[in-house]
Amino acid sequence: MVKNYFKAIRIKNIGLLSLLFWGLMLHNSTGIFSIKTDQILLFLSIITTTAAGYLINNYYDLKSDIINNKNISGLSKRNYYLLYIAHVFLSFIFLFGSYISPGWIQLVMLCHFIIYLYSLKLQHWPLIGNITVSFLCSIVVFIPYWIFNSNWSFKSLNLLENINEVFVIFCFLFTLIREIIKDMEDFDGDLKSGSYTLPVFFGNKFSKLILAIIITVSLIFIGRCFYETTFKIINLVFFIPIISLILFSIFKLYQASNKDDYKKLSSIIKIKFLIAGFWLYISL
């Protein structure tokens, strides 16, 4: 049951998100000892909100997941719904147990609303659902900046000087790429369950074209960051693997023709997030 629960909340994805979150927290703070209890409670609220999103998505996607062989055995629709309610409740318990600004409570409420709307409707619309998830991911990685800074300013794509802004764009682009890849992977289930995702509505060939364009944009973005960032050996640990994986993903996308190929492409995106997350810590 515990193993199935961790699968349901996508524990690996939550782990990657946590890696990025705390890496950025350390970059924005004056050190680990400057982290306050209220900020830890806010993080726990964010994580339980994320887990709630996966659970309600599983609830509405049960039919599609069964067709795509992604259903988690031992968990029924009732289980998903009860776990979802529990996580929503828990996310607010963490917030009410702290002394943080009411603005954070409003943000979590807004995220819950968007997540529910996504699971109910938005995920079934071409690109809209993908962009929604990418936007939510970007919000999470930008929270560490909001905690320590009252004003937002975007100066350049220099990774060292504007690490928060770069990572927000990074997370948005690569989450968007991964979400489209997942839709291509889940084509059969989405088609039979009446979901109008990008591949279902326009076909896989057009979706691959859109995906190639977004991947190219991400390559240009990372290349521009590299150009504007002061040369240091430590920065190569970020740029060389990321650029190499982007080029490799373009090659694999050209070859991709079935569910297994798209699954491998999705894994490449996760590796990019993992590399970016580890770089945050070794660059401190």
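Here is a short chat about a few residues in this predicted model.

Me: Where is Arg 10 found, and is Arg 10 buried, partly exposed or exposed?
Reply: Look at the loop between helix H1 (2-8) and helix H2 (11-28), and you'll find Arg 10 there. Arg 10 also has a positive phi of about 55°, although it is not a glycine. Its relative accessibility is 25%, and partly exposed sits between the under 20% and over 50% cut-offs. So Arg 10 counts as partly exposed.

Me: And Asn 69, is that one buried or exposed?
Reply: Asn 69 is in the loop between helix H4 (62-67) and helix H5 (77-96). Its phi is positive too, near 60°, and Asn 69 is a residue other than glycine. Exposed means over 50%, and Asn 69 has a relative accessible area of 70%, so the word for Asn 69 is exposed.

Me: Which residues does Ser 138 touch, not counting those up to four places away in sequence?
Reply: Start with helix H7 (residues 128-148), where Ser 138 is found. At 8% relative accessibility, Ser 138 falls under the 20% cut-off, so it counts as buried. Setting aside residues up to four places away in sequence, what Ser 138 touches is Val 168, Cys 171 and Phe 172.

Me: What separates the C-alpha atoms of Tyr 84 and Ile 56?
Reply: Tyr 84 lies in helix H5 and counts as buried at 8% relative accessibility. Beyond its neighbours within four places in sequence, Tyr 84 is in contact with Ala 52, Leu 55, Ile 56 and Tyr 116. Tyr 84 and Ile 56 are 28 residues apart along the chain, and their C-alpha atoms are separated by 5.9 Å.

Key:
Residues are numbered from 1 along each chain as its sequence is written. This is a predicted model: local features need pLDDT of at least 70, side-chain atom pairs count only at pLDDT 80 or more; totals for chains, interfaces and linings use all residues. Side-chain values use heavy atoms; hydrogens and water are left out. Helices (H or I, at least four residues) and strands (E, at least two) are DSSP runs, numbered from the N terminus. Buried means under 20% relative accessible area, exposed over 50%, partly exposed in between (1.4 Å probe, protein chains only). Contact means heavy atoms within 4.5 Å.
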